[in-house]
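Please open the structure in your viewer and keep the sequence panel beside it, so that each selection can be followed in both.

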Amino acid sequence: MNGFKQTNVGMSANRLALAVLAALAAGAPARAQSNVTVFGILDTYVDASHAGDRGAVRVQSGAISGSRLGFRGSEDLGDGLKAIFLLEAGINVDDGTSGQGGVLFGRQSWVGVSTRAGDLTVGRQYSPNFFTIITYGLGGGMAWGNASNYFTDNSPLRVNNSISYVSPSFGGLKGRVFYVLGENTTLPGGSHVGNIHSASLQYDAGRFSAGASYEERRTTQANTDRFYAAGASYRFDAVKLGVLAQARRDDADVAASNALEVGALVPIGPGALLIDAGWYRARSVVNGNAAAYSLRYDYNLSKRTMVYAGAAHIRNDAGAQFGINGNTGPAFAVARGEDPRALIVGVRHAF
C-alpha cells in the first residue's frame, strides 16, 4: 500500500510539472520555423553545327536549362510573413567552370520578404520581361529550340542591384514591378544611366494564359532602350499552342527590331515534341532580317531525368548574323549572311 501511494504522489508531481511547462510555453512567443533547400540542374549536350563550309562537333552545357547549384530558404515569421532568399550558381558541366563569366552566384542572388500582399526581393534577379518570354516561348522560352532564344538580347533580363515586387494572384491576374539602380559614378549623364524600369501583367484562366511586359533601360544620357513583349498560350487536349511577340526601340535608332515566335508542344509517349518557328525584322540594319525553324523532342525517363534531341536551321539575310545557341551553350560562330544548321542530343537531370 505504501509503495502504491508513493508512486501515485510521483505521478501527480509529474502532471503538475507538465502543466507548468505547458502554461509557460503558451505564454512564450512561438519560435520561427525555417528551412533551406539545396537544388540543382545538370544539363549537357553534344552539338553538331555547320555554317557555310565550316562545321564543328562540341560538348556543351545548358541546352534547355542552365546548369546550376542553388540554395533556397525561408523563415516563417508568423502572421503570413516570411523571410525568403535564393542563391543560385551557374555551372558549365562540359568543363566544370562557373557560368555567367565566373560570378559565384551569377544566376540569382536575392533576399526579401513574402507577405499576403506579395513578395518584395532585392539583389540579382530576373526582370518581368524574362518571365513573359519563358512563359509564352513554349519549351523553355530561352532554350535551344526557341526562336526567342536566338533573337533576344538577354542582357536586360537578369540584372544586378534590382528591387522586385510580385503580387499575389487576384482572380488569375498577377503583376510584377521591377526597378534597377544603375549606380553609375563614371559615365556621363549622372546616376540615372544604367537604371532600368519594368512591369508586367499575366492572366491565367484554366487552359488559357496571356501576358505582356515593358522594360526600359537608360544606356547613356541621350539614349533609352525600350523592350516590349506580349504572348498567349492555350492548351488543347492534344497540343499546346503559344505565340510570343517582341519589339525593341531605342532613341539612337541603332537596334530597333520586331520579332515573332509561334510554337506547339505535342505530347508523344512519355515526352513532348516542340515545333517552333520565328521571324526577326530589323528596323535599323539593312538586310538584317532572319527566320528560324526548330524541332526538339524531350523524352522523360523519370520525373527528374530527361533526354532530348533536336534539329534547327536559321536563314539569315545578307546583313544578319544569328546563330543557334542553347540556354547557356554558345552558338557556333556565324558570318553575316550565313545560314547555320545544328543537330543536338543531350540529357538533363534535376535534383
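What follows is a walk through strands, cores, pockets and salt bridges.

Bear in mind throughout that this is a predicted model.

**The strands S13, S14 and S15**

Begin by selecting residues 257–268, which form strand S13, together with residues 271–282, which form strand S14; the two run antiparallel and are joined by 12 bridges. Within this pairing, leucine 265 of the hairpin lies opposite leucine 274 in S14. Move next to the turn, where 2 residues stand between the strands of the hairpin and glycine 269 adopts a positive phi near 60 degrees. Then add residues 290–300, strand S15, which runs antiparallel to S14 and is joined to S14 by 10 bridges. To check the register here, select aspartate 276 and its bridge partner in S15, serine 294.

**The nonpolar cores**

Which residues have the most contacts inside the largest nonpolar core? Select Trp144, Tyr150 and Phe151, which hold that position in a core of 22 residues. Two or more residues of this core come from each of helix H3 (147–151), S14, S15, strand S16 (305–316) and strand S17 (341–350), and S16 contributes the most, with 4 residues. A second core, separate from this one, has 7 residues, among them Phe130, Tyr136, Met142 and Leu157.

**The two pockets**

Turn now to the largest pocket, whose volume is about 720 Å³. Its lining comprises 32 residues, and those closest to the centre of the pocket are Arg107, Phe130, Ile134, Met142 and Asn327. Helix H2 (128–136) and S15 are the elements that give two or more residues to this lining, with the largest share, 3 residues, coming from H2. If you colour the lining of the largest pocket by class, you should find 10 nonpolar, 14 polar and 8 charged residues.

The second largest pocket has a volume of about 510 Å³. Among the 32 residues that line the second largest pocket, select Phe151, Asp153, Ser257, Tyr280 and Phe322, which are the closest to its centre. The elements that each supply two or more residues to this lining are H2, H3, strand S11 (224–235), strand S12 (240–250), S13 and S14. By class, the lining of the second largest pocket divides into 18 nonpolar, 11 polar and 3 charged residues.

**The salt bridges**

The last stop concerns charged side chains, for which the count of salt bridges comes to 11. Select aspartate 153 and arginine 217, whose side chains meet in a salt bridge at 3.8 Å, N to O. This pair links distant parts of the chain, with aspartate 153 in the loop between H3 and strand S7 (158–166), arginine 217 in strand S10 (residues 208–218), and their positions 64 residues apart in the numbering. Is each partner buried or exposed? Aspartate 153 counts as partly exposed because its relative accessibility is 28%, whereas arginine 217, with a relative accessible area of 14%, is buried.

Select next arginine 248 and aspartate 225, which form a salt bridge whose closest N and O atoms are 3.3 Å apart. Arginine 248 lies in strand S12 and aspartate 225 in strand S11, 23 residues apart, and both are buried. Showing these two pairs together is worthwhile, since Asp153, Arg217, Asp225 and Arg248 are linked in a network of salt bridges.

Finish with aspartate 298 and arginine 296, a salt bridge in which the closest N and O atoms are 2.9 Å apart; aspartate 298 and arginine 296 are both buried.

Methods. Residues are numbered from 1 along each chain as its sequence is written. This is a predicted model: local features need pLDDT of at least 70, side-chain atom pairs count only at pLDDT 80 or more; totals for chains, interfaces and linings use all residues. Side-chain values use heavy atoms; hydrogens and water are left out. Two strands pair if DSSP finds at least two bridges between them. A nonpolar core is a set of buried Ala, Val, Leu, Ile, Met, Phe, Trp, Tyr and Cys residues joined through side-chain atoms within 4.5 Å. Buried means under 20% relative accessible area, exposed over 50%, partly exposed in between (1.4 Å probe, protein chains only). On a 1 Å grid over the protein atoms alone, a cavity is a set of points where a 1.4 Å probe fits but cannot get out, and a pocket is an open set with protein on both sides within 12 Å along at least five of seven lines; lining residues have an atom within 4 Å of a point. Grid points are joined across faces, edges and corners, and a volume is the space filled by probe spheres set on the points. Ala, Val, Leu, Ile, Met, Phe, Trp, Tyr, Cys and Pro count as nonpolar, Asp, Glu, Lys and Arg as charged, and the others, Gly among them, as polar. A salt bridge is a side-chain nitrogen of Lys or Arg within 4 Å of a carboxyl oxygen of Asp or Glu.
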